[in-house]
Amino acid sequence: MILDLIFPKICQCCGEVGSYICDSCIEKKFKYTLKQKCHVCKKAVNKGMIHDKCKAESFLDGVFIIAKYDKFIENYIADIKYEFYYAMIQDLVKVMNKYLERNKKFKKIIAQSDVTYVPLHFWRKRWRGFNQAERIASGIAEEWGSKCKRLLKRKRNTKCQVGLKKKERLNNLKDAFECKYSGNVKRSVVIIDDVMTTGSTLEECGKALKDADIEKVYGLVAARG
Ligand SMILES: [Zn+2]
Ligand SMILES: [Zn+2]
């Protein structure tokens, strides 16, 4: 209620009252991914989320991308991160669920899996006040009837990934995560993040989950750069 007064809910694109992005602007502005690609070789995948021949190179059994990372989504996600527009996350979740609605295969994967998210470091969470990946993950899990669980923990502080080359990113993140959970976990887990660049964060999270004997690990991201 108070947030509604500080940040009145009007569409950031057309000014329509009611949400931060209205349904018609979602359709116009988000560049939905038309064809999913294998996250290893970047080539089209017809069935499954990763080519059999690419499996040896990844801890992930597939990465599902909702939209192309462009100026629009960059600004949208930056606003969520830095200006604390909590409710904007709900709209982003709406966009993601709308896209998932059309993809039977991945919808089924989510319904049969536990959902988790890339954890933020303690001090970063305090600075931002929340982890947007966690909020996205709980919104997605709720929609498809699965559970969002905090399965991953950062073992140590990593440098900010921005500006690092691919190899530096991999070293920076090497064994940065561990899977710590006392309850039951399904054999299949979907890790959610907002943006994916090289995919090294998701890979390291995937490694931590596979090390903890999770059979299938998938990634789901709002946008890929
Ligand atoms: Zn609009
Ligand atoms: Zn491939």
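**A four-cysteine zinc site and helix α7**

The zinc ion (ligand 1) picks up its protein donors from Cys-11, Cys-14, Cys-22 and Cys-25, each through SG, lying 2.3 Å from the ion; donors here are N, O and S atoms within 2.8 Å of the metal (3.2 Å for Na, K and Ca), and water is not among the atoms, so sites may look incomplete. This is a predicted model, in which local features need pLDDT of at least 70 and side-chain atom pairs count only at pLDDT 80 or more, while totals for chains, interfaces and linings use all residues. Residues are numbered from 1 along each chain as written, chains are lettered from A and ligands numbered from 1 in written order, and side-chain values use heavy atoms, leaving out hydrogens and water.

Angles among the four donor atoms run from 103 to 115°, which makes the site tetrahedral (four donors with all angles between 85 and 135 degrees). Along the sequence, the donor residues follow a C-x2-C-x7-C-x2-C spacing. Cys-14 sits in the loop between α1 (2-6) and α2 (23-29) and Cys-25 in helix α2, so the pair ties together parts 11 residues apart in sequence. Helices are DSSP runs (H or I, at least four residues), numbered from the N terminus. Cys-25 is buried, at 4% relative accessible area, whereas Cys-14, at 47%, is partly exposed (buried is under 20%, exposed over 50%, partly exposed in between; 1.4 Å probe, protein chains only).

Turning to α7, residues 132-144 make up this helix. Its buried residues include Ile-136, Ile-140 and Trp-144. Right after α7 comes Gly-145, with a positive phi near 75°.

Key:
Helix = DSSP H or I, 4+ residues; strand = E, 2+ residues; numbered from the N terminus. Expected span 1.5 Å × (residues − 1). Tetrahedral: all angles 85-135°; square planar, octahedral: opposite > 155°, others 65-115°.
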